[in-house]
Amino acid sequence: MSDTTSARILDFITARFPQAEITETEDIFSLGYINSLFAMELVMFVENTFGIRIPNDELRLDDFRTVKAMTELVNRLRPATAVPTA
């Protein structure tokens, strides 16, 4: 499951920045690809794609620095806040 989650997040980022060659553990902020607008798009993508809501206290930069951190965030929030798909 987390491999699929990571792949979807990585695909979203690389679709916006095709020139970027990033791995699951690279800090996407330090690479210079992320601005405030894309950061919000990333939050919306994670919420909408994985059917979760990220509470304000979970909106921490460290949870979005890497694909691995975002995957861990999704996995942590999914059981507690999963949105029904029916």
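Here is a short walk through the structure shown above, from its overall layout to some of its side-chain pairings.

Keep in mind as you look that this is a predicted model. Start with the broad picture: the protein chain has three helices and zero strands. Reading from the N terminus, you meet its elements in the order α-α-α. The chain has 86 residues, and 40% of them count as buried. Its accessible surface comes to about 5200 Å², and carbon and sulfur atoms account for 54% of that area. You can also ask how contacts link up parts of the sequence. Of the contacts between residues at least 6 apart in sequence, 60% join residues at least 24 apart.

Now zoom in on one residue, Ser-6, which you will find in helix α1 (residues 2-16). Is Ser-6 buried or exposed? Its relative accessibility is 4%, and buried means under 20%, so Ser-6 counts as buried. Which residues does Ser-6 touch, once its neighbours within four places in sequence are left aside? They are Glu-24, Val-67 and Thr-71. With Thr-71 there is also a polar contact, made between the two side chains at 2.8 Å.

Next, let us turn to charge. Side chains of opposite charge can pair when their charged atoms come close. In this model, the count of salt bridges comes to eight.

One of them joins Glu-72 and Lys-68, with 3.4 Å from N to O. Where do these partners sit? Both belong to helix α3 (residues 67-81), and because they are four residues apart there, about one helical turn separates them. Glu-72 is partly exposed, with a relative accessible area of 41%, and Lys-68 is partly exposed too, at 43%.

Some salt bridges share partners, and in this way Glu-58, Arg-60, Asp-63 and Arg-76 are joined into one network. Within it, Arg-60 forms a salt bridge with Glu-58, and their closest N and O atoms are 3.5 Å apart. What about the surroundings of these two residues? Arg-60 has a relative accessibility of 41% and counts as partly exposed, whereas Glu-58, at 13%, counts as buried.

A further salt bridge brings together the side chains of Asp-62 and Arg-65, at 3.0 Å from N to O. Here Asp-62 is exposed, since its relative accessible area is 54% and the cut-off for exposed is over 50%. Its partner Arg-65, with 26%, is partly exposed.

Technical notes. Residues numbered from 1 in each chain as written. Predicted model: local features only at pLDDT ≥ 70, side-chain atom pairs only at ≥ 80, totals over all residues. Heavy atoms only, no water. Helix = DSSP H or I, 4+ residues; strand = E, 2+ residues; numbered from the N terminus. Buried < 20%, exposed > 50% of the residue type's maximum accessible area, 1.4 Å probe, protein only. Polar contact = N/O pair within 3.5 Å; in protein donor to acceptor, adjacent residues only side chain to side chain. Contact = heavy atoms within 4.5 Å. Areas by Shrake-Rupley, 256 points an atom, 1.4 Å probe, with all protein chains shown as cover. Salt bridge = Lys/Arg side-chain N within 4 Å of Asp/Glu carboxyl O.
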